[in-house]
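Have the sequence and the 3D view open side by side for this one. We'll walk from the packed interior out to the open spaces.

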Amino acid sequence: MKRTQLFTTTAVLTLGLAAAAQAQTLVYCLEGSPEGFDPAPYTAGTTFDASSHAVYDQLIEFAPGSTDTVPGLAESWEVADDGLSITFHLREGVKFQTTSYFTPTRDMNADDVIFSFMRQLDKDHPWYAYAPGISWEYADSTGMTSGVSEIVRVDDHTVRFELTRPDVTLLSAIPMDFGSIMSKEYADQLEAAGTMERLNTHPVGTGPFTFLDYQQDAVIRYETFQDYWNGAQPIDNLVMAITIDPGVRQQKLIAGECDIIPYPNPSDIASLQENSDLTVMQQEGFNVGYLAYNTLQPPFDNAAVRRALNMAINQDAIVDAVFQGTGRAAVSPLPPTSWAFNADLPAHVYDPEAARAALEAEGVTGLSMKIWAMPVQRPYNPNARRMAEMIQADFAAVGVDAEIVSMEWGEYLAQSGEIDRDGAVLLGWTGDNADPDNFLGVLLGCDGVGSNNRAQWCDEDFDNLIQEARVTADESARLEMYLQAQEIFAEEAPWFTVANSVVTMPMRANVTGYVQDPLGMHRFLGVSKD
């Protein structure tokens, strides 16, 4: 989806920033541009930082610094005894933000919740395809599209999700970014004006910050929402300065032009830690970086070929060179910090001679392919270009000619999900919640083919285990299913699992209240500056 430049110019922006300097302004140097400001069609953390984490709320939220869920726009909820419905009781008196382009006339109610979800689930909904090329990847890959039959308006502040089957993962999916609650009143206004696409460029939510403007690929500006139901934030203005180059982000941080930056170069972390003007937070990331083959395209539809290519990759050299002490070799699609991680999976074997022989045994000679390299830093991959170059060299050593391709981040995400994509794509995942389904089901289930499942891999035995685990309440039984599913994954090799990483967040020493999030979110609730 194409981003639209909003109503701002460089001159106006400069004056606005100068005025904002008189109030307390927090500058976060975002590592990439958002794909849009409606979070539901997207999967990128950069988009969520700019939209759902700043402007919107969800029915259920994650407690700061935790994967535990707490009430959000829903004060409470209950699951029916048969598991076939969930009833949410909405918070009263929740205000939507007033902007230069929308003035709400009522508080948030059940109509907004129904609109926010049904536009993603009902193909006949007028907002299902409100912009060209839009898709609802999370609604599909979490199983919500097939699992929710109806959302019933019980009264102004009560909604009931009717389910086609019990689903123990649903309450873990509700707090995710695609569950952000939009204003139906605002959507109705846009529809009447024939400007529905503005829902993705001019956001309105109930969250802590009100969107002001966006200068494409440069900066996003917000102000604190004074009527926020959970209390106005201590900072007056939030600025997201889009700064793709990690070295430039670091320079801006040291110079005081940025208050917080994500994802520094691993080689720079030690010097940042030694700087008395900075605070450097670190924690084990709930993530995995991977290379996904397109298993719908020959010869990558052959598991023996995929296993052979995996043997050609020198994983230890990549982890050492790219992560420089901030990553460890991955063996599973689940990170080691997951309760369902299979610690018995074998490590990758690096054996170029065996790889060449295995390719020849499958009749694969003179293979040409593409390796897709991300244009931005992510917590699971600090330097995708360098990684791609190393894999390219490893493949060349076994007679495979690999071309590296890259493109703008939004296009990269869109094109890499297409079922006819060539070759193998470097990507990764930071968990949206603590449930193993968020990795195994969302990234590798059959529902995700053509979207989050970048390997386009649909294995019947694997998928049956995932679907059964979704309706199984007993955690020990679920664990056995997930352990078995990981064994199937290891044998079928739709990915080369690269690494799990440590996540580093440097900030100015005068920043207070920032809480590092295990799910990789960047939120600024309660953050201020001394």
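What follows is a tour of a predicted model, taken in the order core, aromatic pairs, buried helix, cavities and pocket.

Let's begin with the core. In soluble globular proteins, nonpolar side chains tend to be buried together. Here the largest nonpolar core has 144 residues, and the members that touch the most others are Leu59, Phe161, Ile220, Tyr222, Leu291, Phe395 and Phe524. Helix H3 (residues 110-121) gives this core its largest share, seven residues. To get a feel for the packing, click on Phe395: leaving aside residues up to four places away in sequence, Phe395 touches Leu291, Tyr293, Leu309, Ala312, Ile313, Met369, Ile371, Val400 and Ala402. Apart from the largest core lies another one, of ten residues, including Val27, Leu253, Cys258 and Leu278.

Now for the aromatic rings. The count comes to 24 aromatic pairs. Take Tyr28 and Phe524, a tilted pair with ring centres 5.1 Å apart and 55° between the planes. What does this pair tie together? Tyr28 sits in strand E1 (residues 25-28), while Phe524 is in the loop between strand E18 (511-512) and strand E19 (528-529), so the contact joins parts that are 496 residues apart in sequence. Are the two partners buried or exposed? Tyr28 is buried, at 0% relative accessibility, and Phe524 is buried too, at 3%. Phe524 has already come up, as one of the core members that touch the most others.

A second pair to look at is Trp372 with Tyr412, which is edge-to-face: 5.9 Å from centre to centre, with 65° between the planes. Trp372 belongs to strand E14 (residues 368-372) and Tyr412 to helix H14 (residues 409-416), so this pair links a strand and a helix across 40 residues of sequence. Trp372 has 6% relative accessibility, which counts as buried, and Tyr412 is buried at 0%. Rings can also gather in bigger groups: Phe37, Phe211, Tyr214 and Tyr222 form one aromatic cluster. You'll recognise Tyr222 from the list of well-connected core residues.

Next, find helix H10 (residues 303-311). Seven of its nine residues are buried, so the helix is largely enclosed by the rest of the structure. The buried ones are Ala303, Ala304, Val305, Arg306, Ala308, Leu309 and Asn310. Leu309 is also among the residues that Phe395 touches. And what covers the buried residues of H10? The cover includes strand E12 (287-293), helices H12 (352-361), H13 (384-396) and H17 (475-492), and strand E17.

A little further along the chain you reach Gln315, in helix H11 (residues 315-323). With a relative accessibility of 6%, Gln315 counts as buried. Not counting residues up to four places away in sequence, Gln315 touches Ala329, Ala330, His348, Phe496, Thr497 and Val498. If you want a ruler check, the C-alpha atoms of Gln315 and Thr504 are 22 Å apart, with the two positions 189 residues apart along the chain.

The inside has some empty space as well. How many cavities of 30 Å³ or more are there? The count is four. The largest has a volume of about 320 Å³. It is lined by 30 residues, and Thr43, Ala44, Gly45, Arg378 and Thr430 are the closest to its centre. Helix H2 (45-50), helix H14 and strand E16 (424-430) each supply at least two lining residues; H14 is the helix that holds Tyr412. By class, the lining of this largest cavity has 14 nonpolar, ten polar and six charged residues.

The second largest cavity has about 130 Å³ of space. Of its 14 lining residues, those closest to the centre are Pro264, Thr326, Pro379, Pro382 and Val502. Strand E17 (residues 495-508) gives the most to this lining, with four residues, and E17 is also part of the cover over H10. The lining divides into nine nonpolar, four polar and one charged.

Last stop: the second largest pocket, with about 380 Å³ of space. It is lined by 24 residues, and nearest its centre are Phe62, Ala63, Pro64, Arg523 and Leu525. Strands E2 (60-62) and E3 (69-71) each supply at least two of the lining residues. The pocket lining has 15 nonpolar, five polar and four charged residues.

Methods. Residues numbered from 1 in each chain as written. Predicted model: local features only at pLDDT ≥ 70, side-chain atom pairs only at ≥ 80, totals over all residues. Heavy atoms only, no water. Phe/Tyr/Trp six-rings, centres within 6.5 Å; stacked < 30°, edge-to-face > 60°. Buried < 20%, exposed > 50% of the residue type's maximum accessible area, 1.4 Å probe, protein only. 1 Å grid on protein atoms, 1.4 Å probe; cavity = no way out; pocket = protein on both sides within 12 Å on 5 of 7 lines; lining within 4 Å. Points joined across faces, edges and corners; volume = space filled by probe spheres on them. Nonpolar A, V, L, I, M, F, W, Y, C, P; charged D, E, K, R; others polar. Core = buried A, V, L, I, M, F, W, Y, C linked by side-chain atoms within 4.5 Å. Contact = heavy atoms within 4.5 Å.
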